[in-house]
Amino acid sequence: MHSYGDDDVEGAATLNRSAGGTPAVPVETASVPYFTAALAIGLAAGFGEVAFLGLQKLLLDRIVFMGRHAFWMIPLAEAFVCLGAALLLWIVARAVPSLRRFGLAVGVPAFLGALAVLLLLPSLHRLAAVLLALGVAVQAGRLASRGPRLSKRLAELGALALGVLLLVTVAATTLAPRLVRGGAAVEAPTNAPNILLLILDTVRASSLSVYGYSQPTTPHLEALGERGVVFENAIAPAPWTLPSHASMFTGISPARLSTDWRSPLDDTAPTLAEHLTARGYETAGFVANLGYCGWESGLQRGFSHYEDDPISVRQMVISSALVRAIATKTWFRDLAGTDENFVRKTADGINRDVLDWLSGREDEGRPFFAFLNYYDAHAPYMPPEPFRSRFPGAKERGAISPLHRWNSDPFGDPPADSIIAQEQAAYDAAIAYLDDRIGALIAELDRRGILANTIVVVTSDHGEEFGEHGLFDHGNSLYMPGLRVPLLVYHPASLAGRQRVGTTVSLTGLAAMLATLAGVAEGAPFPDRRLADAMTGAGTTATPALSEVTHATGLPEWFPVSRGNMLSLVAEQWHYIRNGDGTEELYDLGADPEERHDVSAAGESAAELTRLRSHAAAWIQERQASGVTP
């Protein structure tokens, strides 16, 4: 590329004047090199995005879905976008001399940078954002053309300063977690067991062969169940990820916690990781649900080591608001021919991370608590081979998923049964892949001699719906497909032989149960001990298992949760639902496990309805007394 100096530009302008032309923009664009200006503008736009999102998080305590490494990935991604545009402009301008204009070299990246920031404003229409960005680009181009020498200097200084800031940010986000790690405050009890908590995101119990499902989805969990305890009726505290995890970690029901669709878990309630750390455990988390289990969620509190968003080219690219604005559009997905997540941490990757961490521990004598969140069974259900082929009818890996598009934006008739069957077969295959990877992890722990003193818990945060009650996905209702989840507990030191427990239990009791099995229950701050009592044979009261989901704006009107906050009570064979508009539903799960017939109006169910209604009323009154909206 030929580079012209400032004197060349001024000479060109003088030549234009002498020829009678307008002393406007010089024809050659070299005073401010294409790439220096693009780099400076891209980095500035990226740090502008970071500042905007950071202020939202800091001032409003909101989840903005920004990974820990996004502090440097966003500026780097926007810089590459602007550099790419500059390269394209440079190539075109070499062939079309009339485009070698100084204003374009600055105006094009200025447009992209401004648009990236404006796209973060949810109330601003996309067309308005484009028009405003064009206005910024025009003004930036004009200013740069009028002062080429100063513009060149500003671009160079800006690129240098922002590049240094980028390096500092990379170092801070990479090194900070290592600097805050510390040793155990106290020694753990002698021979304290390790704890391995495996949460299979979006896995419902009814799709597991260990629970009687007709497809062979979980042979390894069946083998694990033969040596441990299988709870037949474990109920998730919420039908979606964040509040359910938070309840499992704190022993407190979702409505009493700060968690919501855009609100993280605050530091009010102590977590299981905090309690175990204070008892001498080394704690680590490895999560694949980057949105609702990542560093923003609050779930990482108490862990000395926590791995969430990966450092990868894909993760960096999708960090750009410009890229996301295009990549998340249906037309782009159709063009690409896939609904696959741009960044997906697989079970293989999670296993590799936790095994690497175990290999690198400095004090192998300390017991550990490792929490693993697997995401492979979450939509859009993309199981790898050979698992996909083992389930006839499963859709091709990477195929478009009309089922979940219809769920959020229904068009015409619901998905055909054949489409639902393809999706469900792919879901089954994804579970089979998960099961296989869990089996591999447990086998490796056994080979290393770790399993013999390790409590292993396998459960899920919530289930999934495949057309039951005309619904798909999760988080939109409180029916059993979204609430009944697996719960298997293996601990050879204290549990003898195979046991299957039919009592209905809630996962809010998980923290207390683990503290009890680990021998560190004294002083444990977890109020729900029903699961611990069921495990230790101490008996438990027949208190219904409570589940809740809160209303969120922007959901389709036909979702049950769109009518307001909901609660659900499961008491053995009975399932009671109180909708946000005050209406009630009651199902006899013994006679009607698929919940096809609401018996709330049936006379023979009146006693059960009254009993569960009174439980619900007491719970609502208790919540109101503590200042929680019903």
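Colleague: Where is H469 found in this predicted model?

Modeller: H469 is in the loop that runs between β7 (465–466) and β8 (472–473). The phi angle of H469 is near 60 degrees, which is a positive value in a residue other than glycine.

Colleague: Why is H469 called partly exposed?

Modeller: Its relative accessible area is 33%. The label applies between the two limits, with buried under 20% and exposed over 50%, so at 33% H469 counts as partly exposed.

Colleague: And what makes Y381 buried?

Modeller: The relative accessible area of Y381 is 0%. Buried means under 20%, so Y381 qualifies. Y381 also has a positive phi, near 55 degrees, though it is a residue other than glycine. Its place is in the loop between β5 and α14.

Colleague: What else is found in the loop between β5 (368–374) and α14 (402–408)?

Modeller: P380 lies there, and so does P386. The peptide bond from A379 to P380 is cis, with omega near 15 degrees. Another cis peptide bond joins E385 and P386, where omega is about 5 degrees.

Colleague: Nice! Now for the cysteines: how do you know that C82 and C293 are buried?

Modeller: C82 has a relative accessible area of 1%, and C293 has 0%. The limit for buried is under 20%, so both residues count as buried.

Colleague: How many disulfides does the structure hold?

Modeller: Zero. A disulfide would take a pair of cysteine sulfur atoms within 2.5 Å, so a count of zero says that no pair meets that cut-off.

Colleague: What makes the space lined by L200 and I438, among others, a cavity and not a pocket?

Modeller: A cavity is a set of points where a 1.4 Å probe fits but cannot get out, whereas a pocket is an open set. The structure holds one cavity of 30 Å³ or more, and the volume of the largest cavity is about 40 Å³.

Colleague: Which helix gives the largest share of the lining of the largest cavity?

Modeller: Helix α15 (residues 417–447) does, with four residues. The full lining is made of L200, V203, L208, T218, L221, I431, L434, D435 and I438.

Colleague: How is that lining split by class?

Modeller: Seven residues are nonpolar, one is polar and one is charged. Asp counts as charged, so D435 is the charged residue of the lining.

Colleague: And how much of the protein chain counts as buried?

Modeller: Of its 630 residues, 53%.

Methods
Residues numbered from 1 in each chain as written. Predicted model: local features only at pLDDT ≥ 70, side-chain atom pairs only at ≥ 80, totals over all residues. Heavy atoms only, no water. Buried < 20%, exposed > 50% of the residue type's maximum accessible area, 1.4 Å probe, protein only. 1 Å grid on protein atoms, 1.4 Å probe; cavity = no way out; pocket = protein on both sides within 12 Å on 5 of 7 lines; lining within 4 Å. Points joined across faces, edges and corners; volume = space filled by probe spheres on them. Helix = DSSP H or I, 4+ residues; strand = E, 2+ residues; numbered from the N terminus.
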